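Me: Can you walk me through the salt bridges in this protein? I'd like to see the reasoning, not just the answers.

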Amino acid sequence: MATSPCSSSGVSSSSSSGLGADAGLEIRTRSVEQTLVPLVSQITTLINHKDKPKRSDKTLQAIQRVGQAVNLAVGRFVTVGEAIANENRELKEEMSVACIEARRAGETIAQLTNVASLDHPESDSHITIFTDKTGVVKAARLLLSSVTKVLVLADRIVIKQIITSRNKVLATMEQLEKVSSFQEFVQIFSQFGNEMVEFAHLTGDRQNDLKDEKKKARMAASRAVLEKCTMMLLTASKTCLRHPDCESARINKDGVFHRMRLALEQVIEIVTDSRPNGENEMAPISIYSGIREFKNKVEGLRENLYFLSKENLSAMLEVILEHTEDFTDSAYTSHEHREHILELSKQAKTELEQLVSVWMQAQNQKTKDLMEDLEVAILKTCQCMNELKREVHSAATSLAAELLKYHTDHMVLKALKITGVEGNLEAVAEYTCKLSEQKEQLVEMCRLLRHVSGTEPLEITCIHAEDTFQVTGPQIISAAETLALHPSSKIAKENLEVFCEAWESQLSDMSMLLREINDVFEGRRGEKRVYLSLPRPGKHNANLKALKPVKLDTEEQAKIAKLGLELHLLTSDVDSETEKWEDQENEIVQHGQGMSSMAYSMYLFTRGEGLLKTTQDLFHQAEIFATEGTKLASALHAFSDQVQDDDKPLLLLEAEKLISMCQQLQITAKASVQGKSATFTKVDACILKTRNVMTLLCQLLPLCFKLLRKNKAGNGCLKPAPPWRENRVRTGTNAHTPERRAETFGIKSLENHVANMTFLESK
């Protein structure tokens, strides 16, 4: 890995006492910054004391204690650094030099502050902080520089871990791409899932650690792509394996792999702070940022009439007005908005001409009247730019609101699913054209919203949304074409569902993004809202009327994001196992699918999406999940009656484990808590215990499937009479009945995702 210390995180900060670390180092992560803060504070205390005239015994003892504390802390720190150096040969030389420098500087500070036992600390016979006033400053600078170098080198190891994890994911993806049998695919995908969890953990920690909000937003967008593409990769690959000669299925799969590789590459670009071929990142300039910079320059004329040229100011306005053409040239901008934007653009040119005229006169003759005229010209120019800003904001947000409302019924997606199952290629072609039109509308909406988003992270979110619609639209089309060619294929149907769900999820994300953009415009940025939605807590239990719905904030979502992703991957494993069963009406399969669906909705909760909007929703879902697990345990007991004695003990043991774990989850979900901290602890415990149940379920399903196969092979594993299946016919509930739907709290394919823009704040 070719990264210099300053490519990961270094220091370019200094204290008020004039201390500064190596100018070639720049701090890019919070962890490095926070590690240095206490050290800077202690050294600053010493520097500030060296010139104080009054030096009581108490002061001298305090100075000595601080000096010794610094030296001891540096010693412990260096010991860790040396251990890291021994474990990483490529950094050993640099790390060792930095550690030696830090240790030497710490010892020097300890010697210079050894003043408590001296009768006359100012005496030249003893070199101290008071006699060698520049020595302590030099030692302090060397200490800060060397400690920072150690931290930066250690940070490079973290980057190396992320790169290594990415390489493992890429290698496994290549295997998945070339696999030719379903059994081999399941095995490799399981490995891929584990590697993706590790990568998610490392990149999630890095995202939280980044200081640059823009990079944070880019990282969040890339991680969101990887997370959603994991499920797409599963279904697209399975569809390709089931229909190997289908061209549209291959195109669909190739699109997923390509998008994942791009996202993985972007993550590495962010963590290494580099771009391919040394290119500089050129983000498109938005109208908002252009207006903000233009107004700052105009208002700066009050303080300095000579700091920029009229040509520079005119060029800045010209760039802004060029960007307004994105609105005036758009087929989706209303006639009224277009006319207003054109009028304000013309007015802005006039106001600037007047401003420049007065400005040039004021440069030659600074009279009171001219300065008053200049102030009026500045105010009128800024007022015109504010009106232009308001007009483009209104144009973009009103268009977004209309489009999101119009497409909220997902009629085109529903039609594609129906005509695909019917095998109606002509109708599918008709609706794919409509979807392409819808895609163009939504892409244009994202482009216009980017201009008025107000902050760089929101701009990045708009760009991410635009990319998502651009890519997902054609993927839905290829998935629909595959289904139309193979209308009886369950996996092709499921694949289309997954891509349609991604589209619906992005539309829901846009609703939240629109709220965020309006909040920034109206100055409400940072307010925490609780969005109420069904099912509400009062509907779950009559005794909960006084309970206020609680929603996790972004920091809490970040803490449980890792657990959530593990839960997501476990649902994929369970779905893969249930797919193997020929009898999809089997009670064990039905309960397993129900539990997987509920676990998936709990995973969406950790992202701020899905039908579970409040913590009470989550607790209610956990209770139902545990009940479903108990029902599965009962089905396993009934199944064990048909199993021969040799296999029965293991099956019963696993069933008892399941009952115990579900009971624990029930107790946790029903426990009464008060306060934000206690509520979050309960959320964390519920998701953790749900994950544990799902892990057990991943072991149980293959065991049951194996016993069934032994029976089919003629080994006599099962007894002939299957009363448990007859019982299922009498008592089982169809997954599509209202009762079943209420219990599972949202089948994946029916969920309307309502995102909380968690990728802005890091999950």
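Reply: Sure, here are some questions and answers about charged pairs in this predicted model.

Me: How many salt bridges are there?

Reply: Opposite charges on side chains can pair up when the charged atoms come close. Here the cut-off is a Lys or Arg nitrogen within 4 Å of an Asp or Glu carboxyl oxygen. Going by that rule, the count is 23 salt bridges.

Me: What separates D254 and R250 along helix α7?

Reply: These two pair up in a salt bridge, with their closest N and O atoms 2.6 Å apart. Both sit in helix α7 (residues 247-272), 4 residues from each other. That spacing comes to about one helical turn.

Me: Which residues join into one network through shared salt-bridge partners?

Reply: R250 bridges to D254. Salt bridges that share partners tie the network together, and its members are E247, R250 and D254.

Me: Is E566 buried or partly exposed?

Reply: E566 meets R691 in a salt bridge at 2.7 Å, N to O. The pair links distant parts of the chain, with E566 in helix α17 and R691 in helix α21, 125 residues apart. Under 20% relative accessible area means buried. E566 has 18%, so by that cut-off E566 is buried.

Me: And in the pair E440 and K439, which one is buried?

Reply: Their closest N and O atoms are 3.3 Å apart, in a salt bridge. E440 has 39% relative accessibility, so this residue counts as partly exposed. At 14%, the buried one is K439.

How values were computed
Residues numbered from 1 in each chain as written. Predicted model: local features only at pLDDT ≥ 70, side-chain atom pairs only at ≥ 80, totals over all residues. Heavy atoms only, no water. Salt bridge = Lys/Arg side-chain N within 4 Å of Asp/Glu carboxyl O. Helix = DSSP H or I, 4+ residues; strand = E, 2+ residues; numbered from the N terminus. Buried < 20%, exposed > 50% of the residue type's maximum accessible area, 1.4 Å probe, protein only.
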